[in-house]
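Trainee: Could we go through this model together? I would like to see how each label follows from a value.
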Amino acid sequence: MLRVGVNGYGTIGKRVADAVRAQPDMEVAGVAKTRPNFEAQGAVREGYPLYAAIDERVDRFEEAGVPIDGTVDELIDDSDVVVDATPSGIGAENRPLYESHDTPALFQGGEDADVADVSFTARANYADATGADAVRVVSCNTTGLARILAPLDETYGVEKARVTLVRRGGDPSQTGRGPINDILPNPTTIPSHHGPDVQTVLDVPIDTAGFKVPATLMHVHSVNVTLESDATGDDVRELFADENRLFLVDPDAGIDGAGKLKEYAMDRGRPRADLWENCIWSESITVEDRDLYLFQGIHQESDVVPENVDAVRAVAGVADADESMATTDEALGIGL
Ligand code: NAD
């Protein structure tokens, strides 16, 4: 069994811990928290060994009556792989810590690409991470784009991708984020960082532009890809239907946006109403000459979770891409 430690038990970290626990070949060595808040209490309830991420704060956990098993150094020592799911920028500060223990580490998409030796999306470049000491699982938006562009590029060739990302202002728990009544070109410069970020995992020409809107549920992408060879909308639908992490939203389902997608996830009994798959409106898939158009919803809090699980296997060198993705998907119930 691969022992996986999770440093940073917030939005991404707690989902990764649960996903690791569900795998037949992995177990959670423990999770590290900076403070004894509701998520720390939740970790204890889940039965995860809890470690203090900052040595000087051990007392705070004891005073709050939240039992801890030690400090983050002990967790790293006891882990075969550590998933760093701390806020953007903290991962880079933590890298020397993992190196000092000689423990391979995964970082998240909020970090700059140079935090790690390789950036990662399982469908695009799993093999690049085999045996690496440090891997960055790219952001939710980048993951969502790489998952559609990889099969398109393999099958038809991508001459040029142009994507407008309508981004949620914050996650539901991020009470301080916005906007609350605006529509912001964000960034106001073009390209946004997402296009170059896709190119860290996949060699395709792509330009991206971003907006931020008053929503917390999901991101929505308007995608336009000029293909190198001919295809029809049905060809692309067939191609995507073979990809387990792409969910084609049936026109008859009456799912008209992110709200109903989340409702659907709840109806399906998904933990935390998570949607690990890209949600592509099937009827939006349209090809004019060689120009493909589609709309997709990306659940920012969860699409990177299966990618983290696969990245653990990649750095441990225990499975190839197809084996790992199949194991991850079966254990989590991915594929709608
Ligand atoms: P979060 O704020 O929800 O969780 C981060 C957790 O790390 C919190 O529990 C915080 O208390 C803890 N923490 C802070 N400093 C720490 C330290 N020094 N050591 C250990 N733990 C510490 O953040 P998140 O949304 O889970 O984001 C984590 C990473 O994942 C970021 O790089 C982010 O860009 C990336 N990411 C986030 C999303 C998203 O939509 N939430 C999507 C994809 C990728």
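Mentor: Happily; we will take the labels one at a time, keeping in mind that this is a predicted model.

Trainee: Let's start with the ligand. What makes Lys 33 a polar contact of the ligand?

Mentor: The limit is 3.5 Å between N or O atoms. An oxygen atom of the ligand is 2.9 Å from an N or O atom in the Lys 33 side chain, so the pair qualifies. Ser 88 has a pair with a ligand oxygen at 3.4 Å, and a polar side-chain atom of Asp 171 lies 2.6 Å from a ligand nitrogen. The protein covers 83% of the 830 Å² of accessible area that the ligand has on its own.

Trainee: Which residues are the closest in the shell around the ligand?

Mentor: Of the 21 residues surrounding the ligand, the closest are Thr 11, Ile 12, Lys 33, Arg 168 and Asp 171. The shell divides into seven nonpolar, ten polar and four charged residues.

Trainee: Why do you say that the ligand lies between domain 1 and domain 2?

Mentor: Because domain 1 (2–137 + 304–332) and domain 2 (140–298) both give residues to the shell around the ligand.

Trainee: Moving on, why is Glu 277 called buried or exposed?

Mentor: Buried means under 20% relative accessible area. Glu 277 has 1% relative accessibility, so it counts as buried. Glu 277 is found in the loop between α10 (258–267) and β14 (278–281), and its side chain makes a polar contact of 2.7 Å with the side chain of Arg 270.

Trainee: And how do you know whether Ala 273 and Asp 289 are buried or exposed?

Mentor: Ala 273 is at 10% relative accessibility, so it counts as buried. Exposed means over 50%, and Asp 289 has a relative accessible area of 73%, so it is exposed. Ala 273 is found in the loop between α10 and β14, while Asp 289 is in the loop between β15 (286–288) and β16 (291–298).

Trainee: What makes the phi of Ala 273 and of Asp 289 worth a remark?

Mentor: Most residues other than glycine have a negative phi. Phi is near 55° for Ala 273, and near 55° for Asp 289, a positive value in each case.

Trainee: Which peptide bonds are cis in the loop between β10 (184–185) and α8 (194–198)?

Mentor: One joins Asn 186 and Pro 187, with omega about 0°; another runs from Ile 190 to Pro 191, with omega near 5°. Pro 187 is found in that loop, and Pro 191 has its place there too.

Terms used:
Residues numbered from 1 in each chain as written. Predicted model: local features only at pLDDT ≥ 70, side-chain atom pairs only at ≥ 80, totals over all residues. Heavy atoms only, no water. Near = heavy atom within 4 Å. Polar contact = N/O pair within 3.5 Å; in protein donor to acceptor, adjacent residues only side chain to side chain. Areas by Shrake-Rupley, 256 points an atom, 1.4 Å probe, with all protein chains shown as cover. Nonpolar A, V, L, I, M, F, W, Y, C, P; charged D, E, K, R; others polar. Domains from an automatic or database assignment. Helix = DSSP H or I, 4+ residues; strand = E, 2+ residues; numbered from the N terminus. Buried < 20%, exposed > 50% of the residue type's maximum accessible area, 1.4 Å probe, protein only.
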